[in-house]
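The following exercises concern a single protein model with its ligand. Please work through each task before reading the solution beneath it.

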Amino acid sequence: MTDRAHAVGLDQADVLAPFVERFHPPGGQRGTVYLDGNSLGPQPREAAGAVDVELQRWRSRLIRGWNERWLELVDEASQCVAALVGAPPDALVVGDSTTVCLYKAASAAIRAAPLRPDILTDRGNFPTDLYVLGEVATAAGGRLRVLDAPPTADRVAAEIDGRVGLVALSHVDFRTGELLALAEITEVTRRAGARSLWDLSHSAGVVPVDLGDAGVDLAIGCTYKYLYGGPGSPAYLYVRPDLAGELQTPIPGWFGHADPFAMEPSYRPAPGADRFRAGTPPVLSIAALVPGLRIVAEAGAAAIRAKSVALTHLAIALADAWLAPLGATVVTPRVPARRGGHVALRFPDARAVSARLVADHGVIGDARQPDILRLGLSPLHLRFVDVHDGLARIAAALREERPAPDVVDLGPVP
Ligand SMILES: *Cc1c(COP(=O)(O)O)cnc(C)c1O
């Protein structure tokens, strides 16, 4: 397992190996190893051309571009994401940021159940989720209830009482990489009379998701991680088709109107998820996103998941062999069914080591407070040898006895 030849053999047998060429390799010297695809996925080679086509259309066709292509392009992106997460085409819309989509979805769910204003989530949820959910619950006269332990179906069921209207969780824990039991938790939530809202930012594109099959009420997620949409690419919002008609968006914009171009003085919601559109969609960002969505669709969720499990398995095995003796422990669950696409290591000076890895070793991962080094292993652009080499360099960095240099601030990496 620790031989480089083992990783080479895995690459030779990898049915997804040709997809590596569909992405630009990371820049930088000494063969940079990019292990941060769970923060920002790499750039598909087709992305620049796809954006350029729309820039040219804007240049030459101006306003005519909307009817000639852009409205259709927005629908194409939405339908592509819908297919990926097991949703019918009219149950999901792409647009706005993850944070804004979360606000719209959570507010709509809470507003529809005025007697149940509390929202249940967990301590490990992403900061934006904790902030937004707290605000939505408080504004409705309720409060955010926060589980201290990782959410299981039993823990969630035990916490839902007559005041909890919404259970809002992330499918994969952004720190530890733990994958929650989405279907079971959704089911206990439904039985207890609350709505479910899942954040798929760290799962869609790397972990198979079937929202329809699981009976999920609402879901949101970002597209710049495992969907390769580029920095700040638009997020998406899913609503169960037979629930949509009962929900009211808190941002009734003209693009979510039943007939936007009628320019009526009062708001009438569009059917289905379309009512959650707010304003004019970001066409150039959506153009940049479509190639990544197509690549993911072409590779297929099952093959992506199989490679993801194999990559995380290799990373965990190498961490056990090389890093555990140096004081770094794997915090990601070892059972494949309980982990997502990244591996988290815990050791005291993770932040300083992460900075040194970037500066001196050409390994880009990231650190999360207080003591976690995250290795995002996006299956479509990484080879098994990249994981081998990355882990070998992490071991070298941990072995270095020189004091850590000043911590380089890597900025607010989501
Ligand atoms: C990445 C991520 C976000 C990011 O929100 P933005 O509005 O896109 O900045 C939110 N929630 C989770 C769980 C994430 O992983």
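**Exercise 1.** In this predicted model, determine where Tyr 228 is found and what its phi is.

*Solution.* Begin with the location: Tyr 228 sits in the loop that runs between strand S7 (218-221) and strand S8 (236-239). Then consider the backbone: phi of Tyr 228 is positive, at about 60 degrees, although the residue is not a glycine.

**Exercise 2.** Identify the peptide bond that joins Gln 369 and Pro 370, cis or trans, and place Pro 370 between its strands.

*Solution.* Omega for the bond between Gln 369 and Pro 370 is about -5 degrees, and the bond is cis. Pro 370 belongs to the loop between strand S12 (366-368) and strand S13 (372-376).

**Exercise 3.** Describe how helix H12 and helix H13 pack.

*Solution.* Two packed helices are described by the angle between their axes and the distance between the axes. For helix H12 (residues 350-361) and helix H13 (residues 384-399), the angle is about 115 degrees and the axes are 10 Å apart. Angles of 65 to 115 degrees count as roughly perpendicular. H12 and H13 are therefore roughly perpendicular to each other. The final step is the handedness: the crossing of H12 and H13 is right-handed.

**Exercise 4.** List the residues around the ligand, and state how the shell divides into nonpolar, polar and charged residues.

*Solution.* The residues around the ligand are Ser 97, Thr 98, Thr 99, Phe 126, Thr 128, Asp 129, Ser 170, Asp 199, Ser 201, His 202, Tyr 224 and Lys 225. By class, the shell comprises two nonpolar, seven polar and three charged residues. Turning to the helices, H4 (98-111) and H5 (127-139) each contribute at least two residues to this shell.

**Exercise 5.** Which ligand atoms lie at a short listed distance from the side chains of Thr 98, Thr 99 and Asp 129, and what share of the ligand is buried by the protein?

*Solution.* Take the threonines of H4 in turn. An N or O atom in the side chain of Thr 98 is 2.6 Å from a ligand oxygen atom. For Thr 99, a side-chain N or O atom is likewise 2.6 Å from an oxygen atom of the ligand. At Asp 129, a polar side-chain atom lies 2.9 Å from a ligand nitrogen atom. Finally, the ligand taken alone exposes 390 Å², of which the protein buries 89%.

Terms used: Residues are numbered from 1 along each chain as its sequence is written. This is a predicted model: local features need pLDDT of at least 70, side-chain atom pairs count only at pLDDT 80 or more; totals for chains, interfaces and linings use all residues. Side-chain values use heavy atoms; hydrogens and water are left out. A residue is near a molecule or strand if one of its heavy atoms lies within 4 Å of it. A polar contact is a pair of N or O atoms within 3.5 Å; within protein, one must be able to donate a hydrogen and the other to accept it, and residues adjacent in sequence count only if both atoms are side-chain atoms. Accessible areas come from the Shrake-Rupley method with a 1.4 Å probe; for residues, only the protein chains shown count as cover. Helices (H or I, at least four residues) and strands (E, at least two) are DSSP runs, numbered from the N terminus. Ala, Val, Leu, Ile, Met, Phe, Trp, Tyr, Cys and Pro count as nonpolar, Asp, Glu, Lys and Arg as charged, and the others, Gly among them, as polar. Axes are lines fitted to C-alpha atoms, for helices over the stretch in contact, and angles run from 0 to 180 degrees between N-to-C directions. Angles under 35 degrees count as roughly parallel, over 145 as roughly antiparallel, 65 to 115 as roughly perpendicular and the rest as oblique. A crossing is left-handed if the near helix is turned anticlockwise from the far one by less than a right angle, and right-handed if clockwise.
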